[in-house]
Amino acid sequence: MKQLTELYRSWSGAEPASIEKLPGAGSNRSYYRLTDGAGKSVIGVIGTSRDENHAFVYLCRHFVKRQLPVPQLLAVSNDELRYLQTDLGSVSLFDAIRGGREAGGRYTLKEQELLRRTIRQLPNIQMRGARELDFTQCYPQAEFDIDSVLFDLNYFKYCFLKATELDFHELKLEADFRLLAKDLTSEPCEAFLYRDFQARNIMLVEEPSPNSQQPVLNPYFIDFQGGRKGPFYYDLASFLWQASARYPYKLRRELVYEYYNELKNYTEVPTPHHFVARLSLFVLFRTLQVLGAYGFRGYFERKRHFIDSIPPAMQNLRELLQVSKFPYPYLVSLLQQLTELPQFQLLNVTGSRADGFKVTERNPYHPHPQDGPATFSKYDAQGPLVVKVFSFSYRKGIPDDESGNGGGYVFDCRSTHNPGRYEPYKQLTGLDEPVIRFLEDDGEILTFLDSVYKLADAHVRRYIQRGFTSLMFSFGCTGGQHRSVYSAQHLAEHLHAKFGIEVRICHREQHISQVLPATK
């Protein structure tokens with residue numbers, strides 16, 4: 001610690017005003033937040049492996065040179081066992097999507113957007129990061145190869161499979177392991193294989209948005225010191241099939257699609273059929289790899305977290321074997337038996353649907369010159385537009401329009417699934433996370449809002465063009481508590497983000513009002 005403080009003093013010219021030890025990561029490195037008298041902080045790192053630290057230092061400098069979203073190195077000790085880097089804050093993607101994970105994979109739209117923003121950055125790291133990279137600097141090896149695959153497969157065999165006491169023919173299993181290893185390494189790839197691409201290693205940093213005055217959370221990447229040259233499928237499989245995340249099938253499929261389309265911007269991509277087939281191989285390998293780790297940490301080190309992670313990992317394996325065909329008959333037969341063992345049945349996990357909002361971009365109407373001069377109303381060109389969005393109960397009547405224009409759109413939410421029928425949600429509103437997850441998981445409200453968005457976008461765009469000052473949207477349901485509140489809040493936030501206009505929200509029956517100020 002004394003040497004880290006000296007490195008800080010040498011870099012900044014002063015002693016740190018405070019030093020805070022941060023929670024440990026998976027490696028033996030120790031992390032500290034060092035803060036000066038003005039409140040500006042940096043992260044100090046102490047490592048035990050000079051080779052591992054050297055790999056991080058080299059890769060970090062290379063990625064900064066490639067202008068990738070990683071921390072910048074500020075100072076490095078001569079022996080490379082200590083270094084200072086920029087502080088990316090304390091909010092990881094793992095923390096930001098905790099709600100969806102704890103809800104059994106029912107991710108809100110905001111959480112889904114964070115996942116999409118992250119997965120779109122992965123090809124950037126893998127492909128641009130590999131350019132001019134000296135892979136001999138990587139640790140502990142330069143390239144993903146057959147030996148490393150067989151090491152992990154045998155790790156699964158000895159640390160997990162044997163611990164289950166399931167009978168198997170070791171020579172037949174070894175033959176399929178070798179076939180799988182050969183297939184995984186059969187295609188050359190010049191990508192950077194991150195190897196530990198997971199939500200804990202992604203920090204979210206608030207930055208200005210180029211399209212809005214509202215800041216956005218952008219992903220930055222850390223703990224890539226174990227990376228090497230290898231196939232890009234590995235990181236995608238590692239991220240999307242992480243057992244504890246419990247991503248629902250539809251969301252996982254959408255994220256694979258996002259990645260595939262983004263990858264096209266960096267390299268020539270295989271056909272979708274070939275891509276999915278190759279990805280399935282890596283999902284199989286990655287699942288066996290993590291089961292080996294869970295077996296060692298759980299069965300041998302007796303760490304409860306890893307034991308609890310085994311059933312969802314087995315569920316991933318179970319689903320994979322149902323949808324994919326693999327040319328390893330003995331291995332597949334053995335894995336089928338493994339998934340049927342009673343100790344690996346996954347309980348109390350609810351599947352989920354999570355559709356996203358689709359926003360249609362349409363050009364507003366432009367009059368044809370032959371139409372002749374138009375006449376205008378007294379409301380034209382007054383601006384700026386203020387939108388009012390209400391939620392209400394039909395039992396208490398439709399909200400009045402105080403502008404005197406007679407009101408605008410009134411949408412009836414009562415055709416959608418009502419969470420108010422269920423006891424856990426009776427005291428909550430459409431602003432509360434459990435209700436949000438219920439509605440988005442069910443999906444009916446999202447289909448409903450899809451049509452609302454198309455109407456509202458076109459109407460707001462035209463009102464802005466004409467300089468109108470007032471527009472009103474109202475959402476009604478039985479009690480004005482769940483569906484109407486959710487719909488009104490989401491439309492208001494959508495219009496505010498898309499157009500930068502002032503939006504006034506009134507959840508009438510809940511006595512809640514909010515103003516989203518204009519940003520343009």
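This is a short dialogue about reading a sheet, a helix pair and some cysteines in a predicted model.

Trainee: Let's start with the sheet. What is the order of its strands?

Mentor: The general idea first: strands of a sheet pair through backbone hydrogen bonds, either parallel or antiparallel. Here you have an open sheet of 5 strands, in the order 11-12-10-13-14, and the pairing is mixed. At the edges sit strand 11 (409-412) and strand 14 (512-516), each pairing on one side only. Going from one strand to the next, the twist averages 15°.

Trainee: Which way do strand 11 and strand 12 run, parallel or antiparallel?

Mentor: They run parallel, with 4 bridges joining strand 11 to strand 12 (residues 470-477). If you want a spot to click on, Phe411 stands opposite Phe475 in strand 12.

Trainee: And how do strand 13 and strand 14 pair?

Mentor: Those two are antiparallel, over 5 bridges. One pair to look for is Arg504 with its bridge partner Val515 in strand 14. Strand 13 and strand 14 also form a hairpin, with 4 residues between them. Check His511 in the turn: its phi is positive, about 60°.

Trainee: Which helices lie against these strands?

Mentor: Look at helix 14 (residues 444-466), which lies across strand 10 (386-393), strand 11 and strand 12, and runs at about 165° to strand 12. Then there's helix 15 (residues 483-499), which packs on the sheet and touches strand 10, strand 12, strand 13 (502-507) and strand 14. The direction of helix 15 makes about 155° with that of strand 12.

Trainee: Now away from the sheet. At what angle do helix 7 and helix 12 cross?

Mentor: The axes of helix 7 (residues 170-184) and helix 12 (residues 329-339) cross at roughly 110° and come within 8 Å. Angles of 65 to 115 degrees count as roughly perpendicular, so that is how helix 7 lies to helix 12. The crossing is left-handed. Helix 7 makes the contact with Lys172, Leu173, Asp176, Phe177 and Leu180, while helix 12 brings Pro329, Tyr330, Leu331 and Leu334.

Trainee: How many disulfides does the structure hold?

Mentor: The count is 0. To call one, you need two cysteine sulfur atoms within 2.5 Å. For Cys413, the closest cysteine sulfur is in Cys477, 6.0 Å away, so that is too far for a bond. For Cys189, the closest is in Cys138, at 14 Å, again too far.

Trainee: Are Cys413 and Cys189 buried or exposed?

Mentor: Cys413 counts as buried, at 0% relative accessibility. Cys189 is buried too, with a relative accessible area of 17%.

How values were computed
Residues numbered from 1 in each chain as written. Predicted model: local features only at pLDDT ≥ 70, side-chain atom pairs only at ≥ 80, totals over all residues. Heavy atoms only, no water. Pairing = 2+ DSSP bridges. Axes fitted to C-alpha atoms, helices over the stretch in contact; angles between N-to-C directions. Contact = heavy atoms within 4.5 Å. Buried < 20%, exposed > 50% of the residue type's maximum accessible area, 1.4 Å probe, protein only. Parallel < 35°, antiparallel > 145°, perpendicular 65-115°, else oblique. Left-handed = near helix turned anticlockwise from the far one by under 90°.
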